[in-house]
Amino acid sequence: MFSKYVNYIIVIVISVLLALSLYMAGLQPWLVFTIIMIFTFILTMGYPFYIIYKSRNLKLINRYLTNHRSKPIFGYAYALAHGTDEEVITSLQRVLKSYANAEVQQVYKANLYFHQKEWRNLVEFSKTMEDPAYRNYYSGIGYTMNNNLERASECLAKLGTPWMVHSLKGIIAAKQKKREVFEKEMAMATKQAVGMQRHVLHYTLKRVAERTFSTKEV
C-alpha cells in the first residue's frame, strides 16, 4: 500500500516539474495542460497496462500484483506466488463471485477445479468451454491428473498456443516423474507467456513441481 502511494507522489512531482519546465520554455498554457494530461495518462494507465499484458519481468509483475492484490483477479495471481493452497482456492472463489464475464467464469472455474484436484469435474466442465484452445488445454490437464496420458496426448496434439503446449507437456512430464523434462517445459511455457499470464503460469507450474518433486528450487 505504501509503495502505491509513493508511486502516486512520484507521478505528481514529475508532472509538476514537467509543467514548470514547459511554462519556462514559453509554451501556451493549453498546450502545457494537454502534454501533462497525456503524460499522466501514460504513467497511470499505460504503464499498468504494459505490466499486466506485455511485461516479461516476473519481479516487476509480482510487485504490481502485491500492490493491487485487493482486486480479486490480482489477488488470485498474488496468492499463487505467496499464499497457501487454501488461499489460492479462496481467491479463485472470490474471482468467480466478483466477475460475471463468461470467459472469466470459464477459465477461473477450470482453475478452481485444478487447484481443488477435482479432475473429473475439470474434464466435464472443460467440455463446455467455448474456446477450443482452453477446452483442449484443461481437458488435457484433467486427463493427466487422472493418469490418462493417452487422452491427455490427444488434447495436446490439438493445441497450437505455445504456452499451452509447453505447459501441458510439463504437467504430463510431472505426472511421469520426469523432472528434467518438466523443468525444460516449464521454462519454455514461461518464456512464451507475457504479462500476468506469465506470472500465473510460472507459479502454477512451480506449485506442480513442489507437489511432485523434492523441495529443491525449480
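**Exercise 1. Determine in which helix Leu-112 is found, and whether Leu-112 is buried or exposed.**

Solution. Leu-112 is found in helix α6, which covers residues 102–115. The model under study is a predicted one. The relative accessible area of Leu-112 is 8%. The cut-off for a buried residue is under 20%, so Leu-112 is buried. Once the neighbours within four places in sequence are set aside, the contacts of Leu-112 are Ile-89, Leu-92, Gln-93 and Leu-96. As a check on distance, Ile-12 is 100 residues from Leu-112 in sequence, and their C-alpha atoms are 40 Å apart in space.

**Exercise 2. Establish how the axes of α4 and α6 are arranged, and which residues of the two helices meet.**

Solution. Helix α4 spans residues 72–82. Its axis and that of α6 come within 13 Å and cross at roughly 25 degrees. Angles under 35 degrees count as roughly parallel, and therefore α4 is roughly parallel to α6. The handedness of this crossing is left-handed. On the α4 side, the residues are Ile-73, Tyr-76 and Leu-80; they meet Tyr-108, Asn-111 and His-115 of α6.

**Exercise 3. Carry out the corresponding analysis for α9 and α10.**

Solution. Helix α9 comprises residues 149–157, and α10 comprises residues 162–175. The two axes come within 10 Å and cross at roughly 165 degrees. Angles over 145 degrees count as roughly antiparallel, so α9 is roughly antiparallel to α10. The crossing of α9 past α10 is left-handed. Leu-149, Ala-152 and Leu-156 from α9 meet a set of residues in α10, namely Val-165, Leu-168, Lys-169, Ile-172 and Lys-175.

**Exercise 4. Identify the residues with the most contacts inside the largest nonpolar core, and the helix that gives the most to this core.**

Solution. The largest nonpolar core has 58 residues. Those with the most contacts inside it are Tyr-76, Tyr-108, Tyr-137, Tyr-138, Ile-141, Phe-182 and Met-196. Helix α10 gives the most to this core, contributing 8 residues. Two of the residues named here, Tyr-76 and Tyr-108, also take part in the meeting of α4 with α6.

**Exercise 5. Describe the surroundings of Asn-136.**

Solution. Asn-136 is found in helix α8, residues 132–145. With a relative accessible area of 14%, Asn-136 is buried. A polar atom of the Asn-136 side chain lies 2.9 Å from the backbone oxygen of Pro-132. Beyond the neighbours within four places in sequence, Asn-136 is in contact with Cys-155, Lys-158 and Leu-159.

**Exercise 6. State where Asn-147 and Lys-177 lie, and classify the exposure of each.**

Solution. Asn-147 lies in the loop between α8 and α9. Although not a glycine, Asn-147 has a positive phi of about 65 degrees. Its relative accessibility is 49%, so Asn-147 counts as partly exposed. Lys-177 has its place in the loop between α10 and α11, the latter being residues 179–192. A positive phi of about 65 degrees is found for Lys-177 as well, again although it is not a glycine. The relative accessible area of Lys-177 is 56%, which means that Lys-177 is exposed.

**Exercise 7. Summarise the protein chain as a whole: how many helices and strands does it have, and what share of its residues is buried?**

Solution. The protein chain has 12 helices and 0 strands. Of its 218 residues, 44% count as buried. The C-alpha atoms fill a box of roughly 70 × 40 × 30 Å along the principal axes. Among contacts with a separation of 6 or more, 51% join residues 24 or more positions apart.

Terms used
Residues numbered from 1 in each chain as written. Predicted model: local features only at pLDDT ≥ 70, side-chain atom pairs only at ≥ 80, totals over all residues. Heavy atoms only, no water. Helix = DSSP H or I, 4+ residues; strand = E, 2+ residues; numbered from the N terminus. Buried < 20%, exposed > 50% of the residue type's maximum accessible area, 1.4 Å probe, protein only. Polar contact = N/O pair within 3.5 Å; in protein donor to acceptor, adjacent residues only side chain to side chain. Contact = heavy atoms within 4.5 Å. Core = buried A, V, L, I, M, F, W, Y, C linked by side-chain atoms within 4.5 Å. Axes fitted to C-alpha atoms, helices over the stretch in contact; angles between N-to-C directions. Parallel < 35°, antiparallel > 145°, perpendicular 65-115°, else oblique. Left-handed = near helix turned anticlockwise from the far one by under 90°.
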